Amino acid sequence: MNEKDRWELRFEFVKSALTGLGLILSVLIFVIGDMWTAERENELAEARNLAEYERRLWDERRDAYRALAEVLGGIAADLDSGSDIDAANKRAFDKTYWGALILTENEEIELQMVRLRNDLRDLEAGRTTSDQIKRRVQRIVSLSREHLEEVSQ
């Protein structure tokens, strides 16, 4: 074997080694890129699931606040007409107090609901006025609206 053949053999060996190394690097780049893509897809799926959960929770809060506003509106309407609070409105308030109050997750609304419940008891005993109750109803409805706006951002 002469010197020229040796150089050609060396060159072919280096060329083969570089081709193999390029092939291995290409496969590694593909595998790593595929792993990153899968991770990114999982992160996006989790973000979508979280956004959907928050949207459903917001819808449930909105529905709970709507039901609460309707019940409180019925109580205020009874008081505004000068009559006693209808028994159906009292039952509806108690259901809302023990049910929808859990979904509010707002301490100020919970506090106002507890105070309203006490005020309704005091109204029957003659220790408070219907105007105080109507103001408390208005405060709860305002706080509900503010809370919905706050959690929607």
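Buried here means under 20% relative accessible area, and I kept that cut-off beside me while reading this predicted model.

**Entry 1: the aromatic residues of helix 2**

I looked up phenylalanine 93 first and found a relative accessible area of 1%, so this residue is buried, the cut-off being under 20%. Tyrosine 97 has a relative accessibility of 11% and therefore also counts as buried. Tryptophan 98 was looked up next: its relative accessibility is 58%, and because exposed means over 50%, tryptophan 98 counts as exposed.

I then went through the ring pairs, and the count comes to two aromatic pairs. Phenylalanine 93 and tyrosine 97 form a tilted pair, with 6.0 Å from centre to centre and 35° between the planes. Both of these residues lie in helix 2, four residues apart, which is about one turn of the helix. Tyrosine 97 also pairs with tryptophan 98, and this pair is edge-to-face, with 5.0 Å centre to centre and 85° between the planes. I noted that the ring pairs link Phe93, Tyr97 and Trp98 into a cluster.

**Entry 2: helix 1 against helix 2**

I turned to the packing of helix 1, residues 3-80, and helix 2, residues 87-98, and found an angle of about 145° with the axes 9 Å apart. The crossing of helix 1 and helix 2 is left-handed. On the helix 1 side the contact is made by Leu68, Val71, Leu72, Gly74, Ile75 and Asp78, and on the helix 2 side by Asn89, Ala92, Phe93 and Thr96. Sorted by class, this contact has six nonpolar residues, three polar residues and one charged residue.

**Entry 3: the nonpolar core**

Which residues have the most contacts inside the largest nonpolar core? I found Ile75, Phe93 and Leu116 in that role, in a core of 19 residues. Helix 1, helix 2, helix 4 (107-125) and helix 5 (130-151) are the elements that give two or more residues to this core, and helix 1 gives the most, with seven residues. As general background, I noted that in soluble globular proteins nonpolar side chains tend to be buried together.

I followed isoleucine 75 further, leaving aside residues up to four places away in sequence, and the residues touched by isoleucine 75 are Ile85, Asn89, Phe93, Leu120 and Ile133.

**Entry 4: residues looked up along helix 1**

Methionine 1 lies in the segment before helix 1. Its relative accessibility is 69%, and since exposed means over 50%, methionine 1 counts as exposed. Not counting residues up to four places away in sequence, methionine 1 touches Arg6 and Leu9.

Leucine 50 is found in helix 1 and, at 47% relative accessibility, counts as partly exposed. I checked leucine 50 against alanine 77: the two are 27 residues apart in sequence, and their C-alpha atoms are 40 Å apart in space.

Arginine 62 also has its place in helix 1. I found a relative accessible area of 28% for arginine 62, which means that this residue is partly exposed, lying between the cut-offs of 20% and 50%. How far apart are the C-alpha atoms of arginine 62 and leucine 148? I read a separation of 6.9 Å for these two residues, which are 86 residues apart along the chain.

Conventions. Residues numbered from 1 in each chain as written. Predicted model: local features only at pLDDT ≥ 70, side-chain atom pairs only at ≥ 80, totals over all residues. Heavy atoms only, no water. Axes fitted to C-alpha atoms, helices over the stretch in contact; angles between N-to-C directions. Left-handed = near helix turned anticlockwise from the far one by under 90°. Contact = heavy atoms within 4.5 Å. Nonpolar A, V, L, I, M, F, W, Y, C, P; charged D, E, K, R; others polar. Core = buried A, V, L, I, M, F, W, Y, C linked by side-chain atoms within 4.5 Å. Buried < 20%, exposed > 50% of the residue type's maximum accessible area, 1.4 Å probe, protein only. Phe/Tyr/Trp six-rings, centres within 6.5 Å; stacked < 30°, edge-to-face > 60°.
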